[in-house]
Amino acid sequence: MRHGPRSFSVCLAVNHAVKVSWPATSLPTGSTRHARGTPSAVSAIREDAAPDADGGTDRDADRNADRAALKGDCGNCFGLCCVALPFARSADFARDKDAGKPCGNLQRDFSCGIHARLRDKGYQGCTVYDCFGAGQKVSQVTFGGRDWRAAPETSRTMFEVFPAMRHLHELLWYLTEALTLKDARPVHADLRRLLAETERLTEGDAASLAALDVGEHRQRVNVLLLRTSELVRAKGGRKAKNHRGADLMGRRLRRADLRCANLRGAYLIAADLSGADLRDADMIGADLRDADLSGADLTGAFFLTQPQLNAARGDAATRLPAGLARPGHWSV
């Protein structure tokens, strides 16, 4: 069956432009409302925290908690992923939908009418998607709580801004995680600066966000993320496997030693990774749709996102990095 397009993170992983219409990456939950001018958890890193030897703060080891703000909150969003983004009929979506057209399942209160039955109804792609908190940021901060139904003149710009904000929030996710990696201390100062700059960009008005060259900013971030990856994966002097951008679709990798491997942008669709050792592997942009992670050890795997796990299969024996949850559809 045909799958929908891959996520924006592939652009980071393989370092070239990829046209994205709908990231194939569970629907967001939560109820934290952001008021205009209220900093997110990322920007609210305590300025009075004690600096460490490289100029950082003693909160660096706790930044996984800061990523809580980088998760979708449907209760404070105007259903933007259900309107702004297009999707194509495939194994991930039951029917085609054009960008800017509301999904037929979107309710007047911006909730999903089939949320509890998305997989059964052929909308698996929706269950593995997360906007990294961009939806509520655009809805409640950029547009100050004015929704596109009540103020239809805002709809076009709002729908244009949402994908850009989502890209920036995904970058915030990676930068925030990079600062939790002790082996990347040599670049922590640079990571902090770029994290702050990226956060400032997310706080711009609609016009500045619509005009932003996300690709140029992404490339600057990618330079640091690549260096971070090299530093982390070099631990212990292992000669790790390099599968960056590799086509490993359907490959039998059961119990494979992929510790400290470079799997950036690797196509792992329907691959058998059961029992594989993926500790300390770089997973940014790896396409894990229908991959079998049963019994796999992902302890310490970095740049791995919840949408990637949601798209894969696993079980109770799968070991996950801190801060990520075991998807509800995985076997027990």
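1. Let me start at a small detail: Gly 144, just after α4, takes a positive phi of about 55°. Bear in mind while reading that this is a predicted model. Two other positive phi values turn up at residues that are not glycines: Asp 280, at about 60°, and Phe 303, at about 55°. I come back to both further down.

2. Now the overall picture. The chain has nine helices and zero strands, so from the N terminus on the element order reads simply α-α-α-α-α-α-α-α-α. Of its 332 residues, 54% count as buried. The accessible surface comes to about 14500 Å², and carbon and sulfur atoms account for 50% of that.

3. Back to α4, the helix that Gly 144 follows. This helix spans residues 134–142 and is mostly covered, with nine of its nine residues buried. The buried set isn't just small or aliphatic side chains: Lys 137, Gln 136 and Gln 140 are among them, along with Val 138 and Val 141. What does the covering? The cover over the buried residues of α4 includes α5, α6 (188–202) and α7 (206–211).

4. Of those neighbours, α5 deserves a closer look. The axes of α4 and α5 come within 8 Å and cross at roughly 125°, which means that α4 counts as oblique to α5. The crossing is right-handed. On the α4 side the contact is made by Ala 134, Gly 135, Lys 137, Val 138 and Thr 142; on the α5 side, by Met 158, Val 161, Phe 162, Met 165, Arg 166 and His 169.

5. Helix α5 also packs on α6, at an angle of about 155° and with the axes 9 Å apart. That angle makes α5 roughly antiparallel to α6, and this crossing is left-handed. Leucines are well represented in the contact: α5 brings Leu 168, Leu 171, Leu 172 and Leu 175, while α6 brings Leu 191, Leu 194, Leu 195 and Leu 201. Others taking part include Met 165, His 169, Thr 176 and Ala 178 of α5, and His 188, Thr 198, Glu 199 and Thr 202 of α6. Note that Met 165 and His 169 of α5 are listed here and also in the contact with α4.

6. On to the aromatics. The count comes to eight aromatic pairs. One of them joins Tyr 174 and Phe 303: the ring centres are 5.7 Å apart and the planes stand at 80°, so the pair is edge-to-face. What I like about this pair is its reach along the sequence, as Tyr 174 sits in helix α5 (residues 155–178) and Phe 303 in the loop between α8 (214–233) and α9 (306–311), 129 residues apart. Both partners are out of reach of the probe: Tyr 174 is buried with a relative accessible area of 0%, and Phe 303 is likewise buried at 0%.

7. Phe 303 is also one of the positive-phi residues from my opening point, at about 55°. Which loop holds the other one, Asp 280? Asp 280 lies in the loop between α8 and α9, where Phe 303 has its place too. Asp 280 has a relative accessible area of 10%, so it counts as buried. I'd check the backbone at both spots when you have the model open.8. A second aromatic feature is a cluster: ring pairs link Phe 78, Phe 110, Trp 148 and Phe 159. Val 83 touches two of these residues, Trp 148 and Phe 159. Val 83 itself is found in the loop between α2 and α3 and is buried, with a relative accessible area of 0%. Its other contacts include Lys 97, Asp 98, Ala 99, Gly 100, Lys 101, Pro 102 and Leu 106. The C-alpha atoms of Val 83 and Asp 98 are separated by 8.4 Å, with their positions 15 residues apart along the chain.

9. Last, Gly 122. Is this glycine buried or partly exposed? Gly 122 has a relative accessible area of 25%, so it is partly exposed. It lies in the loop between α2 (63–66) and α3 (124–127), the loop that holds Val 83. Leaving out residues up to four places away in sequence, Gly 122 touches Asp 92, Phe 93 and Ala 94. Its C-alpha atom is separated by 9.4 Å from that of Arg 89, 33 residues apart along the chain.

Technical notes. Residues are numbered from 1 along each chain as its sequence is written. This is a predicted model: local features need pLDDT of at least 70, side-chain atom pairs count only at pLDDT 80 or more; totals for chains, interfaces and linings use all residues. Side-chain values use heavy atoms; hydrogens and water are left out. Rings of Phe, Tyr and Trp (its six-membered ring) pair if their centres lie within 6.5 Å; planes under 30 degrees apart count as stacked, over 60 as edge-to-face and the rest as tilted. Helices (H or I, at least four residues) and strands (E, at least two) are DSSP runs, numbered from the N terminus. Buried means under 20% relative accessible area, exposed over 50%, partly exposed in between (1.4 Å probe, protein chains only). Contact means heavy atoms within 4.5 Å. Accessible areas come from the Shrake-Rupley method with a 1.4 Å probe; for residues, only the protein chains shown count as cover. Axes are lines fitted to C-alpha atoms, for helices over the stretch in contact, and angles run from 0 to 180 degrees between N-to-C directions. Angles under 35 degrees count as roughly parallel, over 145 as roughly antiparallel, 65 to 115 as roughly perpendicular and the rest as oblique. A crossing is left-handed if the near helix is turned anticlockwise from the far one by less than a right angle, and right-handed if clockwise.
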